[in-house]
Amino acid sequence: MLALGLSVLARLAWMLFSPNGINVVDLHVYVDGSASLLTDRLYDFTYAEKTPDFPLPFTYPPFAALLFFPLHYLPFNVVAVGWLLATIAALYVVVRIAFELILGEEAARDPGRRAAIVGWTALGLWMEPVRTTMDYGQVNVFLVLGAMLAVRSSRWWVSGGLVGIVAGIKLTPAISGLYFVARRRWVAVVCSAAVFGATVGISFLVAPHEAWRYFDKLLGDADRIGPVGSVWNQSLRGAMSRVLGYDVQSGPWWIAGVLVVTVLAFLAWRALEPDDRMGTLIIVQFFGLLVSPISWSHHWVWLLPTVLWLLYGPLRAVRGAKIIAGYWLVNTLIGVPWVLSFAQDSIWTIPRPAVLAWLGTVDVFGALVFFGWVIWSGRTRAGRDETAARVAGADTARAA
């Protein structure tokens with residue numbers, strides 16, 4: 001608890017007393033941009049005060065602006081501090097639910113586990129995806145929490161409703177619906193689609209002009225979201241573009257990469273135990289992060305539950321689990337994309353020295369290795385089970 005308290009105080013001190021502490025540029029976009037919702041200028045808004053090289057537009061669906069809209073009536077500094085504290089609280093719940101999904105609710109309530117939950121929350125605040133989420137005032141931890149709560153619930157209307165809502169806020173969390181497909185929770189799949197459709201319908205009722213602009217013209221425009229080739233973009237498209245030296249867009253290289261990732265993700269899911277909910281969710285989220293055109297490094301908040309699954313989950317005793325967990329911890333505590341960002345001439349420049357291009361694949365490379373390791377682990381486990389069954393059969397035959 002002391003470590004968590006000190007971490008929270010350090011984050012608050014940084015925000016309140018350092019010159020660039022309240023540098024929550026994305027929160028500015030949420031708050032200031034949503035104020036334009038009812039003026040039909042939501043998608044004309046840009047925030048450039050602290051990002052002159054790339055004025056930030058509002059890129060989320062109109063439903064998100066509807067939820068953010070009340071915030072612009074409050075003093076911005078109050079919103080910023082409240083957002084930080086809410087993000088920390090949400091991260092704690094994410095870690096707690098991860099332990100419940102991995103170990104079971106009874107085991108997660110053990111005093112030793114409760115201490116571990118607090119400790120991992122304190123450490124998680126300093127992992128690059130989380131700390132940049134807080135620096136920018138991003139929404140990522142809340143979206144992860146929504147998906148975790150959806151998976152935790154056995155009620156179809158809660159699970160489907162939560163996924164539909166987070167997809168309405170930001171489209172990419174819709175990938176969580178694949179979790180319900182993998183678990184054959186078909187009613188939750190239908191419910192999530194219906195709730196997402198309701199968020200679209202509400203958007204057309206409240207702001208028809210902006211909703212039409214978004215879903216007809218702006219949806220899928222990756223260039224509007226940001227520079228695809230920047231090292232901050234840790235998607236498959238971003239990594240391939242930096243290595244090849246040009247934006248691969250949706251061309252043959254990217255299509256081939258997506259096909260490979262799809263096969264690996266499917267085989268990794270098949271290699272899991274049928275009741276491994278956390279493992280299934282991680283594979284679904286990694287798949288989404290890889291195939292999305294833009295996956296900023298702060299989108300990879302899922303790396304914290306991944307480390308927990310590797311260290312506490314059903315494959316924790318398999319050779320390589322601690323090595324992969326260590327890889328993610330070192331990568332995120334250093335913040336490799338953040339370090340490499342100082343070496344790129346411009347966020348818009350795609351070609352770069354080969355060493356920088358390949359180092360900039362850290363998250364994509366790690367996810368592919370993770371898929372491969374899970375597949376190998378499943379085959380190893382199946383081989384052990386088959387050998388044990390043969391030995392047991394031989395013993396039974398001899399006894400007879």
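A polar contact is a pair of N or O atoms within 3.5 Å; within protein, one must be able to donate a hydrogen and the other to accept it, and residues adjacent in sequence count only if both atoms are side-chain atoms. The model is predicted: local features need pLDDT of at least 70, side-chain atom pairs pLDDT 80 or more, while totals for chains, interfaces and linings use all residues. Numbering starts from 1 along each chain as its sequence is written, and side-chain values use heavy atoms, without hydrogens or water.

**Exercise 1.** Place Tyr30 and find the polar partner of its side chain.

*Solution.*
- Tyr30 sits in helix α2, residues 25-34. Helices are DSSP runs of H or I, at least four residues, numbered from the N terminus.
- Tyr30 is buried, at 3% relative accessible area, because buried means under 20% (1.4 Å probe, protein chains only).
- Beyond four places in sequence, its contacts (heavy atoms within 4.5 Å) include Phe58, Trp83 and Gln138.
- The Tyr30 side chain makes a polar contact with that of Gln138, at 2.8 Å.

**Exercise 2.** Describe how α4 packs against α8.

*Solution.*
- The axes of α4 (residues 76-103) and α8 (residues 140-152) come within 9 Å and cross at roughly 30°. Axes are lines fitted to C-alpha atoms over the stretch in contact, with angles from 0 to 180 degrees between N-to-C directions.
- So α4 is roughly parallel to α8; angles under 35 degrees count as such.
- Trp83 is among the α4 residues that meet α8, and Phe142 is among those of α8.
- By class, this contact has 16 nonpolar, one polar and two charged residues.

Technical notes
Helix = DSSP H or I, 4+ residues; strand = E, 2+ residues; numbered from the N terminus. Buried < 20%, exposed > 50% of the residue type's maximum accessible area, 1.4 Å probe, protein only. Parallel < 35°, antiparallel > 145°, perpendicular 65-115°, else oblique. Nonpolar A, V, L, I, M, F, W, Y, C, P; charged D, E, K, R; others polar.
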